[in-house]
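Colleague: I would like to learn how to read the helices of a model, and I would be glad if we took one feature at a time.

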Amino acid sequence: MEAIFILPVNSGGHAAYQNLVVEMFRKYYPNPDALARSTWDIIDRFWNLDLSYTDICLKNKYSVYGLKPRTPSCMHRSYLLSIDFKVTSVTDWVAQLKINPLYAILSGFEVGDTPGVGTFYDFFNRLWDFDGDNLSSPLHPLKVSVKKQKRKVITLLLLIKQL
């Protein structure tokens, strides 16, 4: 692939997302009645969810050099969709994006051109906006083990106390 010198840009903002959804729905779901009512509730919610601000906030987190990155608002929307569809594993979600056109379309990706696992983790690092990892330290304080007295000694002490 050839290097491109641009930051992630979502020209057209939320309206561009909505136009892509309409175009892809006409192509992949010509019969809207084929989708469940609960799915339409999610579609409606994401149709109205404007995440354009994510593109603005994360613009300085991307390099001007290299390959064209995924649009941050689409990555954000896709992660939120995975939560709505109760897919908790990023690896499983990436697989679902590849096999289920609905998930790709609602995320704002072209069907067949969806991000991989590493792209999601790169996005999470940019979104986290913290220099350190968001994981707990691998160094833990040593646990002090308390030596237990042997049963015979305890039994003997109880017998002595009773006398």
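Colleague: What should the twelve residues of helix H7 (residues 117-128) span, and how far apart are its end C-alpha atoms?

Modeller: The expected span of a helix is 1.5 Å times one less than its number of residues, so helix H7 should span 16 Å, and its end C-alpha atoms are 17 Å apart, which agrees. Helices here are DSSP runs (H or I, at least four residues), numbered from the N terminus. This is a predicted model, in which local features need pLDDT (the predictor's confidence in each residue, from 0 to 100) of at least 70, side-chain atom pairs count only at pLDDT 80 or more, and totals for chains, interfaces and linings use all residues. Residues are numbered from 1 along each chain as its sequence is written, and side-chain values use heavy atoms, with hydrogens and water left out.

Colleague: Which residues of H7 are buried?

Modeller: An α-helix has 3.6 residues a turn, so residues three or four places apart point the same way. In H7 the buried residues (under 20% relative accessible area, 1.4 Å probe, protein chains only) are Phe120, Phe123 and Phe124. They cover an arc of only 105° around the axis, taken from the directions to the C-beta atoms, which puts them on the same side of H7.

Colleague: What do the buried residues of H7 pack against?

Modeller: They pack, by contact (heavy atoms within 4.5 Å), against helix H3 (52-58), helix H4 (72-84) and H5. Phe123 counts as buried because its relative accessibility is 1%, and among the residues that Phe123 touches are Leu58, Pro72 and Met75.

Notes
Helices (H or I, at least four residues) and strands (E, at least two) are DSSP runs, numbered from the N terminus. Buried means under 20% relative accessible area, exposed over 50%, partly exposed in between (1.4 Å probe, protein chains only).
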